[in-house]
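These are my notebook entries on one protein model. I set out to look up its helices, its disulfides and one buried histidine.

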Amino acid sequence: MASYRLLSLIALVFVAGGALPRNVRAQAPVADVVTQAFFDGIINQAAADCAGKNFYTRQAFLDAVNSYSDFGRFGTADDSKREIAAFFAHVTHETGHFCYIEEINKATYCDPNYPNYPCTPNKQYYGRGPLQLTWNYNYGAAGNSIGFDGLNSPESVASDPVLAFKTALWFWITNVRPVISQGFGATIRAINGAVECDGKRPDLVQARINYYTDYCTQLSVDPGTNLSC
């Protein structure tokens with residue numbers, strides 16, 4: 001009887017909706033895509049004396065992904081690989097192959113036009129982490145979402161690698177994921193469009209594209225269209 005019910009349930013699935021949707025059937029776990037070899041291929045290009053060499057790890061990234069289960073689960077299996085390739089392309093560009101934990105040219109980055117995220121005196125909200133989280137309003141919003149005091153303790157992003165990756169994933173899901181279906185160029189615009197896009201810094205745009213296409217090749221996926229901004 002149990003076998004009959006199981007067969008009936010399987011038949012119902014196929015009759016009602018055909019085979020399982022491609023995006024459900026085909027997606028691989030993020031850990032299977034971001035292998036140790038893939039991660040090492042990026043970080044090993046950083047100089048031995050880089051601070052990030054002893055900070056960023058694949059395990060910290062995977063631990064952070066546990067809090068963002070939607071990451072790398074976008075659309076089809078190829079869509080998911082493209083998202084992962086895009087994320088690491090921007091991370092590579094922002095950190096110099098995981099060399100930098102903090103921005104080189106530090107500044108306060110306090111925007112008073114966000115009263116919900118008031119700047120704390122003597123605190124600076126310069127870039128930190130894999131996507132170089134910047135500005136008081138991003139630190140405040142990320143802190144509220146993740147559960148850390150971003151406004152009073154922005155430096156915690158540079159001392160906890162899992163938290164650092166969480167801030168990058170928070171920024172990605174909040175600001176980049178909504179436009180990713182438009183192509184890699186849209187992700188550049190979402191991250192640093194005001195500085196790089198529309199002919200302002202074609203060299204930087206091309207650098208991001210080069211990383212992206214390289215990672216797509218490594219993950220055996222077509223990079224798609226609309227790569228530039």
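**Entry 1: conventions.** I took helices as DSSP runs of H or I with at least four residues, and strands as runs of E with at least two, numbered from the N terminus. For the expected span of a helix I used 1.5 Å times one less than its number of residues. The model is predicted, so I accepted local features only at pLDDT of at least 70 and side-chain atom pairs only at pLDDT 80 or more, while totals for chains, interfaces and linings use all residues. Residues are numbered from 1 along each chain as its sequence is written, and side-chain values use heavy atoms, with hydrogens and water left out.

**Entry 2: confidence.** I looked up pLDDT, the predictor's confidence in each residue on a scale from 0 to 100. The protein averages 90, and 89% of the residues score at least 70. Over residues 1-25 the pLDDT stays under 50. For that stretch I noted 10 contacts (heavy atoms within 4.5 Å) beyond four places in sequence.

**Entry 3: helix H8.** I checked the length of H8, which has 16 residues (161-176). The expected span is 22 Å and the end C-alpha atoms are 21 Å apart, so the two agree. At the N-terminal end I found Asp-160 as a cap, with a side-chain oxygen 3.0 Å from the backbone nitrogen of Val-162. The rule for such a polar contact is a pair of N or O atoms within 3.5 Å; within protein, one must be able to donate a hydrogen and the other to accept it, and residues adjacent in sequence count only if both atoms are side-chain atoms.

I then asked which residues of H8 are buried. Buried means under 20% relative accessible area, exposed over 50%, and partly exposed in between, with a 1.4 Å probe and protein chains only. The buried residues include Leu-163, Phe-165, Leu-169, Trp-170, Phe-171 and Trp-172. The helices against which the buried residues of H8 pack are H4 (36-43), H5 (58-65), H6 (77-95), H7 (136-146) and H9 (184-196).

**Entry 4: helix H10.** I repeated the length check on H10, whose 17 residues (202-218) should span 24 Å; the end C-alpha atoms are 24 Å apart, which agrees. Its buried residues are Val-205, Arg-208, Ile-209, Tyr-212, Tyr-215 and Cys-216. They occupy an arc of only 130 degrees, which places them on the same side of H10; the arc is that of the directions from the helix axis to the C-beta atoms. I recalled the general rule that an α-helix has 3.6 residues a turn, so residues three or four places apart point the same way. The buried residues of H10 pack against H4, H6 and H9. After H10 comes Ser-220, with a positive phi near 55 degrees.

**Entry 5: disulfides.** I counted a disulfide wherever two cysteine sulfur atoms lie within 2.5 Å. How many disulfides does this rule give? The count is three, and with bonded cysteines counted along the chain the pattern is 1-2, 3-4, 5-6.

Cys-50 and Cys-99 have their sulfur atoms 2.0 Å apart, and the link is left-handed, with -85 degrees about the S-S bond. Cys-50 lies in the loop between H4 and H5 and Cys-99 in the loop between H6 and H7, so the pair ties together parts 49 residues apart in sequence. Cys-50 is buried at 8% relative accessible area, as is Cys-99 at 10%.

Cys-110 and Cys-119 also have sulfur atoms 2.0 Å apart; here the link is right-handed, at 110 degrees. Cys-110 is partly exposed at 34%, and Cys-119 is partly exposed at 24%.

For Cys-197 and Cys-229 the sulfur separation is 2.0 Å. Cys-197 lies in the loop between H9 and H10 and Cys-229 in the segment after H10, so this pair ties together parts 32 residues apart in sequence. The torsion about the S-S bond is about -90 degrees, so the disulfide is left-handed. Cys-197 is buried at 0% relative accessibility, and Cys-229 counts as buried at 19%.

**Entry 6: His-90.** I located His-90 in helix H6 and asked whether it is buried or exposed. His-90 is buried, with a relative accessible area of 0%. Leaving aside neighbours within four places in sequence, I listed its contacts as Leu-131, Trp-172, Phe-184, Thr-187, Ile-188, Ile-191 and Arg-208. His-90 and Arg-208 are 118 residues apart in sequence, with their C-alpha atoms 6.3 Å apart in space. Trp-172 is among the buried residues of H8, and Arg-208 is among those of H10.
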